[in-house]
Amino acid sequence: MLASKPQRVFITGAGGYIGSRVTEFALRAGYIVHGLTRTPAKAARLRALGAIPIEGDMSQLDLLRAEASKADIVVHLADAWVDDFSQPYDNVVKIDGAAVDAMTFGLSQSPSQRRLFVGTSGVGVAKPDENGGETDEDAPEDPNPINGRIRCEKHILSKAGEGIKVCIMRLPPFVYGRGGSGVKLFMEVFAKVGAVVRIGEGNVQMSVVHVDDAARAYVCALEKACVEPGVTKKVYNVTDTSDVSFRKFTDAMAATLGLPVRAMEVPEAMEFAGPLVAGFFSGRIRGKGDRARAELGWIPTEVGIIEDIRNGSYVKVAKEITATQA
Ligand SMILES: NC(=O)c1ccc[n+]([C@@H]2O[C@H](COP(=O)([O-])OP(=O)(O)OC[C@H]3O[C@@H](n4cnc5c(N)ncnc54)[C@H](OP(=O)(O)O)[C@@H]3O)[C@@H](O)[C@H]2O)c1
């Protein structure tokens with residue numbers, strides 16, 4: 001840790017899938033964590049971990065400003081999209097923008113020397129390489145993204161230098177592990193429709209990261225992001241590998257669920273399993289995580305996604321899904 005006195009981190013989305021792992025690892029690393037959640041049960045879990053729960057919503061701007069003004073670092077993981085993926089993304093941009101304005105202003109008033117704002121974005125904001133290769137953080141933005149997240153990212157980056165430093169953590173579309181998140185969600189969808197969807201041959205590759213590795217990357221950022229003199233902003237891809245083909249991915253899900261694979265094109269996938277499946281399973285999102293490794297000293301160590309689906313945490317998930325359907 002950089003400072004001699006424990007640093008205080010305010011985490012939004014602290015009770016979520018990734019936020020609860022970031023909270024746990026940050027506490028272990030010696031930080032004091034204040035974690036925002038709207039949910040009493042998650043507040044109780046945060047307290048049990050040793051964090052201080054802050055019960056509230058992203059729309060409570062005074063609360064956000066006050067928490068940020070007493071923090072050394074703010075980690076923003078809350079995402080207003082998760083409550084309703086069908087809402088217009090403009091809603092998300094509006095809610096997020098106001099919350100970011102409040103937190104960055106609060107942080108700029110903090111007596112801390114660190115004043116780092118860590119925002120969350122997606123590797124998918126970058127335009128995919130035309131030849132199917134990997135992109136880095138300097139790639140141009142995607143003109144046809146899955147959502148409008150780049151607008152949130154740009155808004156956060158625009159705050160750099162206004163008395164604070166800014167670091168963006170771009171996560172891949174599949175953060176997996178511990179039987180949760182997108183893999184679980186899509187397994188549930190496929191169980192309902194009776195087949196695992198593959199777009200075309202499934203040879204397209206994608207980036208992934210295990211949730212614990214992702215959380216460790218955030219803790220590396222708490223310690224090392226923007227510490228060089230004069231550096232006020234940084235963007236990092238948080239990807240372990242970009243070499244997972246949708247073919248292997250869908251084969252693994254089908255084997256674990258005991259379902260067939262159905263190959264189809266995007267319009268049929270939309271009809272058969274919905275726009276979320278069609279969007280996430282047709283992506284060419286391949287962002288390499290070399291910068292985070294080199295500059296933050298991040299070393300991913302967890303089990304790979306295919307192994308985790310075939311023989312790890314998703315085996316129990318598949319059993320539970322099958323049992324509820326029986
Ligand atoms: N999981 C992935 O595969 C993945 C991939 C790419 C990017 N990401 C990004 O990573 C971040 C964390 O995702 P996650 O997987 O941990 O999602 P999650 O488990 O759904 O957590 C999202 C959190 O957002 C909070 N939230 C939503 N609306 C809020 C509001 N109006 N006010 C306050 N809090 C609100 C929720 O807080 P409550 O505790 O109150 O419910 C929840 O804890 C998000 O920005 C997400 O877009 C995730």
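**View 1. Asp308 and its surroundings in helix H12 of this predicted model.** Asp308 touches Tyr176, Gly177, Arg178, His210, Val303, Ser313 and Tyr314, once residues up to four places away in sequence are set aside. Its place is in helix H12, which covers residues 305-311. With a relative accessible area of 4%, Asp308 is buried. His210 is worth picking out from the list of partners: 98 residues separate Asp308 and His210 along the chain, and their C-alpha atoms are separated by 9.5 Å.

**View 2. The ligand and the residues around it.** There are 24 residues around the ligand, and those that come nearest are Thr37, Arg38, Asp79, Arg149 and Ser181. By type, the shell divides into 11 nonpolar, seven polar and six charged residues. Three pairs of polar atoms are good places to zoom in. A polar side-chain atom of Asp79 lies 2.5 Å from an oxygen atom of the ligand. The backbone takes part through Leu77, with an N or O atom 3.3 Å from a ligand oxygen. Asp57 faces a nitrogen atom of the ligand, with an N or O atom of the Asp57 side chain at 3.5 Å. Taken alone, the ligand exposes 880 Å², and the protein buries 87% of that area.

**View 3. Ser181, a residue of the ligand shell with a positive phi.** Here we return to one of the residues that come nearest to the ligand. Ser181 has a phi near 60°, a positive value in a residue other than glycine. The place of Ser181 is in helix H6, which spans residues 181-193. Ser181 counts as partly exposed because its relative accessibility is 36%.

**View 4. The largest nonpolar core, with Val238 as a guide.** This core has 38 residues, and those with the most contacts inside it are Ile11, Ile73, Val75, Met169, Tyr218, Val238 and Leu296. Strands E1 (8-12), E4 (73-76), E5 (116-122) and E6 (165-171) each give two or more residues to the core, as do helices H1 (17-28), H7 (211-224) and H11 (290-296). Which element gives the most to this core? That is H7, with nine residues. To follow the packing from one side chain, start at Val238: beyond its neighbours within four places in sequence, Val238 is in contact with Met169, Arg170, Leu171, Pro172, Val209, Ala214, Ala217 and Trp298. A second, separate core has 33 residues, including Met206, Phe249, Ala273 and Phe280.

**View 5. His76, a buried histidine in strand E4.** His76 has its place in strand E4. Buried means under 20% relative accessible area, so His76, at 3% relative accessibility, counts as buried. The side chain of His76 makes a polar contact of 2.8 Å with the side chain of Asp96. With neighbours within four places in sequence left aside, the residues in contact with His76 are Thr12, Met58, Asp96, Val100, Met103, Phe117, Val118, Gly119, Thr120 and Ile156.

**View 6. Asn237 in strand E10 and its link to Lys288.** Asn237 lies in strand E10, residues 233-237. The relative accessible area of Asn237 is 1%, and the residue is therefore buried. A polar atom of the Asn237 side chain is 3.1 Å from the backbone oxygen of Lys288. Residues up to four places away in sequence not counted, Asn237 touches Val123, Thr135, Asp136, Glu137, Arg170, Gly287, Lys288, Gly289 and Ala292.

**View 7. Gly13 and its partner Ala78.** Gly13 lies in the loop between E1 and H1. Although Gly13 and Ala78 are 65 residues apart in sequence, their C-alpha atoms are 3.9 Å apart in space. Gly13 also touches Gly19, Leu36 and Leu77 in addition to Ala78, residues up to four places away in sequence not being counted.

**View 8. Arg115, in the loop between H4 and E5.** Arg115 has a positive phi of about 40°, although it is not a glycine. At 23% relative accessibility, the residue counts as partly exposed.

**View 9. Ala98 in helix H4.** Ala98 has its place in helix H4, residues 89-108. Its relative accessibility of 29% makes Ala98 partly exposed. The C-alpha atoms of Ala98 and Arg28 are separated by 31 Å, with the two positions 70 residues apart along the chain.

Methods:
Residues numbered from 1 in each chain as written. Predicted model: local features only at pLDDT ≥ 70, side-chain atom pairs only at ≥ 80, totals over all residues. Heavy atoms only, no water. Near = heavy atom within 4 Å. Polar contact = N/O pair within 3.5 Å; in protein donor to acceptor, adjacent residues only side chain to side chain. Areas by Shrake-Rupley, 256 points an atom, 1.4 Å probe, with all protein chains shown as cover. Nonpolar A, V, L, I, M, F, W, Y, C, P; charged D, E, K, R; others polar. Core = buried A, V, L, I, M, F, W, Y, C linked by side-chain atoms within 4.5 Å. Buried < 20%, exposed > 50% of the residue type's maximum accessible area, 1.4 Å probe, protein only. Helix = DSSP H or I, 4+ residues; strand = E, 2+ residues; numbered from the N terminus. Contact = heavy atoms within 4.5 Å.
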